[in-house]
Amino acid sequence: MPELPEVETTRRGIAPHLEGQRVSRVIVRDRRLRWPIPEDLDVRLSGQKIVIVERRAKYLLIQAEVGTLISHLGMSGNLRLVEAGLPALKHEHVDIELESGLALRYTDPRRFGAMLWSLDPHNHELLVRLGPEPLTDLFDGLRLFELSRGRSMAVKPFIMDNAVVVGVGNIYATEALFAAGIDPRREAKSISKARYIKLAVEIKRILAAAIERGGTTLRDFIGGDGQPGYFQQELFAYGRGEEPCKVCGTTMREVKLGQRASVYCPKCQK
Ligand SMILES: [Zn+2]
């Protein structure tokens with residue numbers, strides 16, 4: 001599943017080919033994504049220049065002169081640039097053709113992604129209640145500490161809550177808790193301010209490193225398969241249940257927290 005670093009890598013890969021370009025037409029082969037693609041998308045977008053491609057949480061905001069295309073990659077979606085008119089294969093549901101002769105092609109085998117149109121994207125119902133971006137100053141350990149007071153839920157689902165901070169998926173939550181030495185089962189309210197400050201620093205460090213690694217795959221967005229570098233990061237905890245801890249050698253344990261597999265080292269994480 002594309003996580004925040006893959007979505008940011010996608011944004012960086014496609015933005016230079018879209019910004020300043022005029023859309024010549026939009027071809028929708030299958031509207032049935034998580035929500036139906038608006039029937040008038042071609043009418044609304046064609047003839048408009050794309051001003052900027054932004055990201056909010058895991059949503060890409062392709063902003064035209066009037067209105068914004070909100071795109072989400074869902075479980076299996078990807079966006080890449082192809083020559084306009086290139087015959088589409090199965091699952092290649094949308095082409096946004098540009099005057100440059102390229103087309104932004106959306107592929108999504110499982111169709112859990114989204115392509116929606118909005119005149120006010122930041123106030124769209126999908127975006128309006130999202131917490132701060134993890135790599136901005138609006139997110140820090142103090143925010144985690146304050147929001148966690150009185151919360152008896154486990155710390156791992158707490159940091160994965162989009163209202164607390166966006167973009168901390170299972171991989172990054174697992175890895176950040178390992179790096180901060182915090183047991184993912186601990187009650188959110190039981191963790192000190194100093195430990196939350198450490199945790200926020202690790203969340204930022206790990207996400208930033210993943211985005212940096214994704215940067216090495218940017219050339220794949222034109223002509224390639226549009227798949228940014230998933231799982232290229234060295235993983236200390238995620239997916240390593242029953243394996244020896246890379247730091248102390250203790251057998252890593254796996255538990256379910258908020259329906260998600262959570263691996264931790266019983267010695268390194270308290
Ligand atoms: Zn360990």
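Which residue lies over the face of Phe236? In this predicted model, that residue is Lys246, at 5.6 Å from the ring centre.

**The aromatic pair**

Phe236 also takes part in an aromatic pair, one of 2 that a search of the whole structure finds. Its partner is Phe178; the two rings are stacked, with 5.7 Å from centre to centre and 15° between the planes. Phe178 belongs to helix 5 (residues 170-180), while Phe236 sits in the loop between helix 6 (193-214) and strand 9 (253-257), so the pair ties together parts of the chain that are 58 residues apart in sequence.

The accessibility of each ring residue is listed below.

| Residue | Relative accessibility | Class |
|---|---|---|
| Phe178 | 8% | buried |
| Phe236 | 30% | partly exposed |

Phe178 counts as buried because its relative accessibility, 8%, is under 20%. Phe236, at 30%, counts as partly exposed.

**Helix 1 and helix 6**

Helix 6, which precedes the loop that holds Phe236, packs with helix 1 (residues 4-18). The angle between helix 1 and helix 6 is about 40°, and their axes are 9 Å apart. That angle makes helix 1 oblique to helix 6. The crossing of these helices is right-handed.

Which residues of helix 1 and helix 6 make the contact? On the side of helix 1 they are Leu4, Pro5, Glu8, Thr9 and Arg12. Helix 6 contributes Leu207, Ala210, Ile211 and Gly214.

Definitions and conventions. Residues numbered from 1 in each chain as written. Predicted model: local features only at pLDDT ≥ 70, side-chain atom pairs only at ≥ 80, totals over all residues. Heavy atoms only, no water. Phe/Tyr/Trp six-rings, centres within 6.5 Å; stacked < 30°, edge-to-face > 60°. Helix = DSSP H or I, 4+ residues; strand = E, 2+ residues; numbered from the N terminus. Buried < 20%, exposed > 50% of the residue type's maximum accessible area, 1.4 Å probe, protein only. Lys NZ or Arg CZ within 6 Å of the ring centre and 35° of its normal. Axes fitted to C-alpha atoms, helices over the stretch in contact; angles between N-to-C directions. Parallel < 35°, antiparallel > 145°, perpendicular 65-115°, else oblique. Left-handed = near helix turned anticlockwise from the far one by under 90°. Contact = heavy atoms within 4.5 Å.
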